[in-house]
Amino acid sequence: MVKHQPLQVYERQLCLSCITGIYGCRWKRYQRSHDDTTKWELLWSVILLFTFSLLLIWSYFWWEADNDYNEFNWFLYNRSGEWTDGTVPILATTAAGFTYIAFLMVLALCHVALGQQLNLHWLHKIGVIAALLTTVIGIISVTQTWEQEWDVIPISFQATGPFLHVGALAAATALSWIVAGQVARAEKTLFQVVVVLLYLSVLLGLYVLPLYLTSPCITDPSTLKPRPEVFGHQGAPMLAPENTLWSFQRALQMNVSGLEADVAISVDGVPFLMHDLTLRRTTDVGKVFPDREKDKASQFNWTDLQQLNAGQWFLKDDPFWTVNTMSLREKNLTAKQSVCSLEQLLKLASYHNSTVVFRLQRPPPEHPCYTTWINDTLQAVQKSGVPQSLVMWTPDDERAQVTQSAPGFIQTSLEKHSPEHLHRFGISRLLLRYNQASAREIAEYSRNNISLTLYTVNEPWLYSVLWCSGVSSVSSEAPHILKKVPYPVWLMSPNEYCLMWVSADLLSFAVVIGIFILQNYHVIRYRMSGMRSYNPEQIMLNAAVRTSSRDVNVMKERLIFSEVRNGGSAEELYEEHGFDSYSGQSIRQ
């Protein structure tokens with residue numbers, strides 16, 4: 001028998017064990033492999049990447065949809081009949097899913113960087129499929145019930161695009177370390193060429209992407225138009241119950257320029273403020289009139305409506321998570337609110353010299369005021385004594401008659417039409433959802449003296465984008481937030497943006513070139529030295545400064561046996577590379 005001394009002693013690799021263990025449950029050294037990843041595992045890597053990309057878009061959508069969370073909850077209420085904050089479970093599951101998938105992506109990239117074989121554990125595969133299916137179902141559901149909200153993504157890019165571009169450029173630049181490592185370790189020239197070309201194509205696309213990014217906030221600051229006026233949409237519904245006198249008073253405390261309300265008509269012809277078709281959500285109708293809880297609001301007379309409380313629901317449901325910020329006096333005032341009539345609102349607006357715009361709901365055909373609803377509303381406006389110049393009239397029905405009776409009204413349309421069409425009917429103002437007018441259309445309306453009011457604008461970033469676009473006014477549920485925005489969140493001249501863009505591209509290019517030279521330094525040096533014999537093991541061994549100790553030992557073994565085959569002395573090579581040579585002693589039995 002021959003006794004052998006160990007060729008090498010393996011050291012512990014705790015970090016590598018954690019990476020391969022968490023990703024594929026390969027905690028032991030013998031379970032890991034440097035072999036090429038199988039096609040089946042490559043397919044799972046593609047699925048993981050697709051899931052990550054989809055979740056990234058889904059997370060970004062909900063991050064920017066923060067402006068319209070209340071609208072989403074109202075959609076859910078119309079379907080279920082119960083008021084709940086449906087965004088909380090969606091945000092929680094989205095955050096958990098994205099964190100989990102992003103963690104797996106980082107582990108997969110670490111495998112690639114370390115030259116380890118990808119082998120996703122079956123439990124993670126189930127998790128990836130669950131995350132993918134959940135996200136796909138969520139996207140389909142939003143498309144079917146809230147399709148218009150997808151417009152928030154291109155609109156938000158006007159505010160975030162330049163900064164997302166810099167972030168994407170930084171990520172692509174960081175990936176160059178992994179790409180360069182793959183190129184250095186690759187044995188096939190074709191593979192190296194394909195990887196480099198694909199990576200450079202992506203990088204070049206990011207370098208020229210700003211040519212296709214547009215934002216109204218990239219403009220000369222001297223051309224910035226005055227700050228848009230703010231209308232209180234249903235008053236200040238984040239601070240007080242919507243469409244109540246207290247809500248409008250709170251909005252006026254926030255220095256709004258106008259008030260916006262939703263108007264219905266009672267069976268006895270009294271216009272009153274109510275957004276929903278029924279009284280269930282915003283009153284205690286179930287307590288006062290249990291047998292009429294599901295009746296339409298317009299089926300009640302004004303006497304019955306005055307018996308309802310329109311404030312206690314706000315303290316109970318806390319729809320905007322703001323009740324805990326209210327003082328005791330504010331809570332008492334909130335609890336005492338009742339249904340507000342249009343006349344009461346107009347008197348309040350007249351006292352504060354504030355503009356009023358209201359959406360008038362036509363009663364159903366069986367309603368006593370179905371044919372007289374315009375006249376009933378017009379009489380209530382005239383009875384309030386509000387100056388006509390403070391009233392924005394929106395109904396299209398009998399507009400010519402209304403213009404004759406009240407020529408001082410600001411004729412306003414809720415439908416999007418060309419400036420020529422609006423001028424033909426004497427309309428000087430438009431009230432649209434913020435996604436219905438592009439920056440180009442906003443400028444066109446402005447040139448044709450059509451004032452544009454966009455709703456519902458609650459977030460500073462959206463307010464800033466519309467400000468830079470030239471919007472004259474916005475309607476907001478959060479006037480207390482927009483009050484704190486005296487200037488656009490960011491404003492940059494074209495020259496400043498061009499400098500930022502070019503500087504980021506040049507810095508990225510320099511870093512990428514440096515990383516590729518560093519990763520492939522030894523290959524370049526040997527090829528330029530005119531070596532007659534090209535030994536990839538020797539080159540990789542000399543590059544071992546960036547390689548794990550296990551890989552270094554493997555390279556040394558390959559180098560030794562390679563040079564032995566070329567006629568070298570094994571004993572000398574062992575000593576040269578720090579190994580103990582085999583010692584053979586004959587043992588007689």
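Start at Gly470, the residue that follows helix 18 and has a positive phi, near 100°. The model on screen is a predicted one.

**Helix 18**

Step back from Gly470 and select residues 460-469, which make up helix 18. Nine of the ten residues in helix 18 are buried, so the rest of the structure largely encloses this helix. The buried ones are Trp461, Leu462, Tyr463, Ser464, Val465, Leu466, Trp467, Cys468 and Ser469.

**The cores**

Next, colour the largest nonpolar core, a set of 89 residues. Trp62, Leu454 and Leu466 have the most contacts inside this core. Helix 18 gives the core its largest share, seven residues.

Select Leu454 and display its surroundings. Beyond the residues up to four places away in sequence, Leu454 touches Leu432, Arg433, Tyr434, Ala437 and Ile442, and also Leu466, Val471, Ser473, Val474 and Ser475. Leu466 thus appears here as a contact of Leu454, and it is also one of the buried residues of helix 18.

Another core, of 14 residues, lies apart from the largest one. To find this core, select Leu169, Ala172, Ala180 and Tyr207, which are among its members.

**Cysteines**

Now show the cysteine side chains. How far is the sulfur of Cys217 from the closest cysteine sulfur? The distance is 3.1 Å, to Cys468, which is too far for a bond; the cut-off for a disulfide is 2.5 Å. Cys217 counts as buried because its relative accessibility is 1%. Cys340 also counts as buried, at 1% relative accessibility. Across the whole structure, the search finds zero disulfides.

**Helices 4 and 6**

Select residues 87-114 for helix 4 and residues 152-185 for helix 6. Their axes come within 8 Å and cross at roughly 35°, and the crossing is left-handed. On the helix 4 side, the residues to display are Leu109, Val112 and Ala113. They meet Leu175, Ile178, Gln182 and Arg185 of helix 6. Sorted by class, this contact has five nonpolar residues, one polar and one charged.

**Thr355**

Finish in strand 4, residues 355-360, by selecting Thr355. Is Thr355 buried or exposed? Thr355 counts as buried, because its relative accessibility is 15% and the cut-off is under 20%. With neighbours within four places in sequence left aside, Thr355 is in contact with Phe231, Ser257, Gly258, Leu259, Leu390 and Met392.

Terms used. Residues numbered from 1 in each chain as written. Predicted model: local features only at pLDDT ≥ 70, side-chain atom pairs only at ≥ 80, totals over all residues. Heavy atoms only, no water. Axes fitted to C-alpha atoms, helices over the stretch in contact; angles between N-to-C directions. Helix = DSSP H or I, 4+ residues; strand = E, 2+ residues; numbered from the N terminus. Left-handed = near helix turned anticlockwise from the far one by under 90°. Contact = heavy atoms within 4.5 Å. Nonpolar A, V, L, I, M, F, W, Y, C, P; charged D, E, K, R; others polar. Buried < 20%, exposed > 50% of the residue type's maximum accessible area, 1.4 Å probe, protein only. Core = buried A, V, L, I, M, F, W, Y, C linked by side-chain atoms within 4.5 Å.
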